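Let's take a walk through this fold, starting at a pocket and moving on through the packing to the charged pairs. Keep the viewer open as you read.

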Amino acid sequence: MTASRRHMALGLSVYKLGYHRGAWRMPDFPPDGFMSLEPYAKAARDAERAKLDFIFFADIMGVENFDNPNREMAYEHFAVKLDPIVVLSALATMTSNIGLISTISTTYAHPYRIARTMASLDIISGGRAGWNVVTSYSPDEMLNYGLKTRPEHDERYRRAHEAIEVVSGLWRSWQAGAFVRDKTSGVYVDRGKINVIDHEGPHFSSKGPLDVAPSPQGSPVIVAAGDSPAATEMAARYANIQYAATGGDLAKARAAYRATKARVVELGRSADDLWIMPGLMPIVGETEREAIAKRD
């Protein structure tokens, strides 16, 4: 018997014009940044060629802190970006194997809309979609959506938990064999194999079923970003991937890893059901001196 091989999972997070605030000033960076599809397409193709597992799009739905007169000029390139779900839908037709993960906020989107959008991306990509669940912290997002006060932290996470339950239920709308599609008899759907969630909760109601058939993998991957206690609990309970910060402290990172995996098992899941993936910002050069010069 051959021992099973374990491979490091790697993803590429694409955020605005780069996580380093000076990245857009590099000589070979396109001057209009990501206001066209081609830079995204190049990043996705390069990541796929390098055998990365997925490309990940963070998102904040607003121009952050732009009214602040003390805002640093170095951050003004963060002002604009394209809607990630639109970009990823285009990238689905330009790639073959790489996963496509989009951020959608449970604070500003209804679960049916999330379920429908992500299931559609999963279908057109051949089962490569992932949903990064966020609760949204930016006051600018709140104002863009017409709210005068932002829901408090714990309430946002209660809403997120309910949203994930509803989305997951909608993704299970169709049992195996539900789509008969028999042209001779004229039977398209076996009504006995439809799951109607008929959800009524404190934050959402949704009858179902979802009007998108299951994808090749059944449902999109669920990602939870962040390593706060609330984000970690959500990841342990629902997610396939936790996108977590390292904080630069290896001992603390290892302790957090063990604690999260233990919580996953406590919730009745296998420890292997959740990948914990720390975020890193590599600056690459032929030599250490060249990399430091790039950073500076």
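For sorting a pocket lining by class, Ala, Val, Leu, Ile, Met, Phe, Trp, Tyr, Cys and Pro count as nonpolar, Asp, Glu, Lys and Arg as charged, and the others, Gly among them, as polar. One thing to keep in mind is that this is a predicted model. With those classes, the lining of the second largest pocket comes out as eight nonpolar, three polar and three charged residues. That pocket holds about 250 Å³ of space. If you want to find its centre, look for Met61, Asp83, Ile85, Thr103 and Ile104, which lie nearest to it among the 14 lining residues. Helix H2 (84-92), strand S3 (99-105) and helix H3 (111-124) each put at least two residues into the lining.

Now for the packing. The largest nonpolar core has 49 residues, and those with the most contacts inside it include Phe57, Trp131, Trp171 and Met234. H5 gives the most to this core, with seven residues. There's also a second, separate core of six residues, with Phe54, Ile101, Ile241 and Met277 among them.

Met234 is a handy way into helix H6 (residues 229-238), where seven of the ten residues are buried. Met234 is one of those buried residues, along with others including Ala230, Thr232 and Tyr238. What do the buried residues of H6 pack against? Their partners are strand S4 (129-134), helix H5 (153-171), strand S9 (221-225), strand S10 (241-244) and H7. Setting aside neighbours within four places in sequence, Met234 itself is in contact with Val133, Tyr157, Ala160, His161, Ile164, Ala224 and Ala239.

H6 has a charged side to its story too. Glu233 and Arg263 meet in a salt bridge, 2.8 Å from N to O. This pair links distant parts of the chain, with Glu233 in helix H6 and Arg263 in helix H7, 30 residues apart. Glu233 counts as partly exposed because its relative accessibility is 22%, and so does Arg263, at 27%. Arg263 also forms a salt bridge with Glu266, whose closest N and O atoms are 3.1 Å apart. Those two are three residues apart in helix H7, so about one helical turn separates them. Shared partners join Glu233, Arg237, Arg263 and Glu266 into one network of salt bridges.

A similar spacing turns up in helix H1 (residues 37-49), where Arg49 and Asp46 are three residues apart. Their salt bridge has its closest N and O atoms 2.8 Å apart. Arg49 counts as exposed because its relative accessibility is 59%, whereas Asp46 is partly exposed at 32%.

Definitions and conventions
Residues are numbered from 1 along each chain as its sequence is written. This is a predicted model: local features need pLDDT of at least 70, side-chain atom pairs count only at pLDDT 80 or more; totals for chains, interfaces and linings use all residues. Side-chain values use heavy atoms; hydrogens and water are left out. On a 1 Å grid over the protein atoms alone, a cavity is a set of points where a 1.4 Å probe fits but cannot get out, and a pocket is an open set with protein on both sides within 12 Å along at least five of seven lines; lining residues have an atom within 4 Å of a point. Grid points are joined across faces, edges and corners, and a volume is the space filled by probe spheres set on the points. Helices (H or I, at least four residues) and strands (E, at least two) are DSSP runs, numbered from the N terminus. Buried means under 20% relative accessible area, exposed over 50%, partly exposed in between (1.4 Å probe, protein chains only). Contact means heavy atoms within 4.5 Å. A nonpolar core is a set of buried Ala, Val, Leu, Ile, Met, Phe, Trp, Tyr and Cys residues joined through side-chain atoms within 4.5 Å. A salt bridge is a side-chain nitrogen of Lys or Arg within 4 Å of a carboxyl oxygen of Asp or Glu.
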